[in-house]
Every structure is written in structure tokens, then in C-alpha cells.
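Biologist: I would like to go through this model with you and ask what stands behind each term. Shall we start with the strands?

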Amino acid sequence: MTSEDLKRTINRIDGRGYKAYKDIKGQYAFGPYTLIIDHVQGDPFAAPSRVRVRLPLDKTEFPRDLWSNRVRRIALCDYLARRFHGAIRRWAKGNRGMGKSGLVAIDRGEQEILERTAVVIDREDLEVRFVVGLPAAGRTILGKEALGVFFEDIPRIVEESLVYRRIDPQEIGQHVAVAEDQDAMRGLLKDKGLVAFVADGSILPRSSGVDERPLGSGAVPFQGPPELEVELEPPHRGSIRGMGIPQGVTLIVGGGFHGKSTLLDAVERGVYNHVPGDGREYVVTDGAAVKIRAEDGRRIEKVNISPFITNLPFGKDTVRFSSDDASGSTSQATNIMEALEMGARVLLIDEDTSATNFMVRDARMQELVAKAKEPITPFVDKVRPLCADAGVSTILVMGGAGDYFDVADTVIMMDSYRPHCVTEQAREIAQKHASCRADEGGDGFGEVTPRRPLRGGFNPSRGKREVKIDAKGLKTILYGTTAIDLSYLEQLVDRSQTRAIGLMIHYYAEHYLEQSTSLKEGMELVMRDIEERGLDCLLPYTVGDLTMPRPCEVAGAINRMRTLQVK
Ligand code: ADP
Ligand code: MG
């Protein structure tokens, strides 16, 4: 059908009941692009209608090298989603009736450059997916306003955002280059013996606790200490200097309010690529770095936490430890063991969000409470074996307990937002004032036990629907009737990731639950399918609001299901 057909249909249904909008479903040739109306909403207040615009890439005139590999393709699509969003703000009239009438919206993401379904490149076509609020007054179709959306707003938005000669080549090239550089830098870490890198000049503090944009004024740019200076050479930027955080055990110390947590937060987010101007676009971290925290109240299903906790009162099992209401220490031990089970290579821990009795047990306490009476082996006694046996590094913010001086390879002190390397001083102090603690770590770290979830824990049905999975904001998934609380998965950054995780749990349950020997293998198989076929393989129809999560966050969600059963 052509755009003329759409015009005729809209004129025909003008003034009729809202249901008649169903007649505009279909594909329409609009000169350079095809408009596809996939789904029509039930009323002007319901979730808006799903629409796509598709056009051959050669018509857009984008130079081929902007999408010639995976990271470039993701960055180009990310840029176009942002640009499309900007054009919506300029050209969509917006208010064209009641409820969502006239709304045009695209899922463009925030500070991270991530694979998302809002803009996809499919063979030789570029496809942009967005939503439209079909205009109405009450339940009466406002045809003239609908014509305005499809024949004025959208053509202008498309023209401004998807045609190469309307775009600043510098800006789009920069977006792609910055993303590719971040990937390249992340790839260089291992050979340099690093787990993270923070470029000099980076802006780490965020605008506020609820706003991830950079702090506007008064931010002190990052300047690394000479002892930890490293130079990386990403392909576009060339040489870039900054602080390398080496493999091993790294402590971040310093007085309260001196920027310790801010540094760790930036490192935590360094697993993702950031947009130019974010301030953290040259802060990169090993992609298998996992933030660990205490999470009392969480559910635990048969996790082997025996490296940290043994001899619970009344002989409770800690090799297959389960709890419906975990304590601070057992939850933190579980979060570590589950991360290791998924192949974490770096643990990120902040004293602000840790259980004290999990982190340390000083000499005086050791004397008063005998080891035989204390089920917990504190992290301070396991952090070295973890590194030596399992090759897992730790970055730890610790302003309160000098007992960690004995086990640290690197000590960074934050002083008025400036890092200093104080490894030598910390060593001298550790010798001068011996901690007098006994090492309780035993020999070796202990076992990481893979687990295999059972079918019984996965039931996505709710009411009359066989499969009903919703995401509520960033932090909650409703899988069937099971609410999954993701509040403490701190590296989850985008609500479209949350949506994708809900669907990935279902995909895993449908395809790989029985076919894989462990949760880790199951996640790898799910990720492999998505890498091959895109996030679109999660649903039988196309949507524009899914974003790629990391496998450890998907596993993290499964591990927090209150219904989970493990073999
Ligand atoms: P700590 O963990 O050492 O107590 P935080 O990292 O929480 O300190 O930082 C304290 C405050 O200082 C926060 O409000 C943060 O936004 C701000 N801040 C951190 N780093 C910088 C910086 N480089 N420039 C300006 N403000 C900063
Ligand atoms: Mg702090």
C-alpha cells in the first residue's frame, strides 16, 4: 500500500469509534521509506501504538564504515535513536487530543551506548521503531490530527534524523569512534595486567543520585597518581594516559566525602560504553566485573557459601544454603558465590553497602569469640586466596579497617577527589602496627559449585494468560505472578534491560533449561542466540524497547526469583 491508501483510510475512519483505528495496521510506501504500523492501541490512554520506519541504507547515504563491525553498528544505531529523539522534540506536535494523542516517542537510552531494538540494521535496511499515540477526543478518532502525525510530524523527524547529509559528520563519526575506542581499551586491559583504567581528565561525579549526567559545575577532573600511570592506545584517539588499576587486590582508602565511592561507581559502570560528553567515556573496566553488596532479605536457593560460612548453629547446611530471608553476611557471601559461578573476574565492593561482620574480624574479636564459635570467615581472609586460586581480582573501598593493608597489592588514597598511590606507606604501617589477627582463611579459597535450575521454578502464567511478563521500571520484573526484586543489581542501568531480562528468563526456560548443565551454560546459550539473531528473537513480534543486559544480571534475576528451585 502507499501513503495515499493510509490517507484514504484515515479520512474514512475520521469521527468514528477508536476501534476503527485497527484498519490502519499495515505497511505503506512513503517515498524514501516504508511506514509500518504494527500494533494499534485500544484507546487513547492505553500503551501507545507500535510503529516502524524502514529504509534501505544506501538511500540514507551513511558511509559504510559507520556500521562495518558490531561495535560500530551498535554505536551508529545508538546515535540515530538519540537523534530521532531530538527530532521528535523539535517536530512532533505532541498534544493532539486526549491522553497520549499525538505522542511520538523512542527508547533512546541514557548515558550508555548499548545494543537496543529501537534502531536496528537488518541486512541492507535501517529500521527505527517507536510509538505513536493515535489521536482521539474521548473515543472519537481525530482524523485530521492523525494525518498530522503521519504526514507532517513523522516525515520531518525522519528527514532530519535519518538522512546523512542532514547530520554533522564530525558528530556521528565521533560517537562511533568513542564507542570503538572504549571497546578497544577494554580489550587492552588484560595484556597490561589491569582490571580497570580511568583516563586523566575524566569527570566521575554525577549530577545527582537520580541523574546519571555529569556533575555540571565544580567537578574536579580526574588526575591519576604517577605510580599507577598507564598509557593506552585506542585506534581513534591514539595515546591516552590515566590510572591503571592492576589485577590483584586494590584498596581505595581516604576520608569520608573524598570521592571513594564515586571512583568505584565509575569503575562499576566502566563495563559499558558511554556517550561522548559523559565524562566517563574513557573509564573502562573488565566486562566481567561484578558489584557485590549485602542484600539482607533476599532469597537464596542452594548456593555453596561454604568458603565463607560453615558450622551454622543447628548444623544448617552451607554447601547447599537456602534462605527466604538472608542476613547481611549470608547475602553478601551468596552474591559473591553467584558472581563467581557466572565467571566474574573482578569483584567491586564498597564498605558503604557491605556487612561489617562479613568484611572483618579484628584481633580483639578473635580473642573474645573463638573461631569455632564464628561461622563466618571474613572476606579479608579470603580475598588473597580468591586471587591466587581463582584468578579473581577485587577492588575494595575501605575507609574504616586497616586490617586490609596486609592483603592489598595496591592502595589508592582519595584526598579531595585526587587519588594518591599509598601502597608503600600502607605496607610500612602494617609492619609497624601488626594487626595481631590470626588468618582464618584456611588453605585455598574453596569450591565454586555450579547449579542447575529446575523447571518447577519457572511459571510465567498469570490469570488467563499463559505467558505474562512485565517490567516495572528499572528494579522489578513481574514474571507470571512472581515479583523479582532487582534493586541491588547495581550494574543494571536501563529499564529496557530490565524488560529484556524478563523475556530472557522465559527464553532460557523455554529453550535451554533442560538442555544445559548449569545456569552459566544456559546463559551462554541464550546470549549466543541473541548475538546471532538480535534481541528480536525474544518475541514473536518486533518491539523497540529492549536493551542488551549482561548475562550476570540475567542470572542475578533468576537467582532472586522466590520460586527458584535448584537440583
Ligand atoms: P566517599 O565515598 O569518599 O565518602 P563520595 O564518593 O560519596 O565520597 O563523594 C562525596 C561527594 O563528593 C559526592 O557528593 C560526590 O558527588 C562528590 N564528588 C566526588 N568526586 C568528585 C569530584 N571529582 N569533583 C567534585 N565532586 C565530587
Ligand atoms: Mg562512600
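Modeller: Gladly: in β24, Arg-418 is the bridge partner of Asp-415. Please keep in mind that this is a predicted model, where local features need pLDDT of at least 70 and side-chain atom pairs pLDDT 80 or more, while totals for chains, interfaces and linings use all residues. Residues are numbered from 1 along each chain, chains are lettered from A and ligands numbered from 1 as written, and side-chain values use heavy atoms, without hydrogens and water.

Biologist: What makes β23 and β24 a pair?

Modeller: Two strands pair if DSSP finds at least two bridges between them. Strand β23 (residues 410–415) is joined to β24 by four bridges, so the two count as an antiparallel pair. Strands here are DSSP runs of E with at least two residues, and helices are runs of H or I with at least four, numbered from the N terminus.

Biologist: Why are β18 and β24 called edge strands?

Modeller: The open sheet has six strands in the order β18-β21-β22-β15-β23-β24, with mixed pairing. Both β18 (289–292) and β24 (418–421) pair on one side only, which is what the name refers to.

Biologist: What makes Ser-261 and Asp-352 donors of the magnesium ion (ligand 2)?

Modeller: Donors are N, O and S atoms within 2.8 Å of the metal (3.2 Å for Na, K and Ca), and sites may look incomplete because water is not among the atoms. Ser-261 (OG) and Asp-352 (OD) lie 2.1 to 2.3 Å from the ion, so they qualify as its protein donors. Ser-261 sits in helix α6 (residues 260–269), and Asp-352, 91 residues apart from it, in the loop between β21 (346–350) and α8 (356–359).

Biologist: Why is Asp-352 called exposed, and why is Ser-261 called partly exposed?

Modeller: Buried means under 20% relative accessible area, exposed over 50%, and partly exposed in between (1.4 Å probe, protein chains only). Asp-352 has 56%, so it is exposed. Ser-261 has 22%, so it is partly exposed.

Biologist: How do you know that β26 and β27 pair?

Modeller: Strand β26 (residues 476–479) shares four bridges with β27, in the antiparallel sense. Tyr-479 stands opposite Thr-482 in β27. The two strands belong to an open sheet of three in the order β25-β26-β27, with antiparallel pairing. The edge strands there are β25 (469–472) and β27 (482–485).
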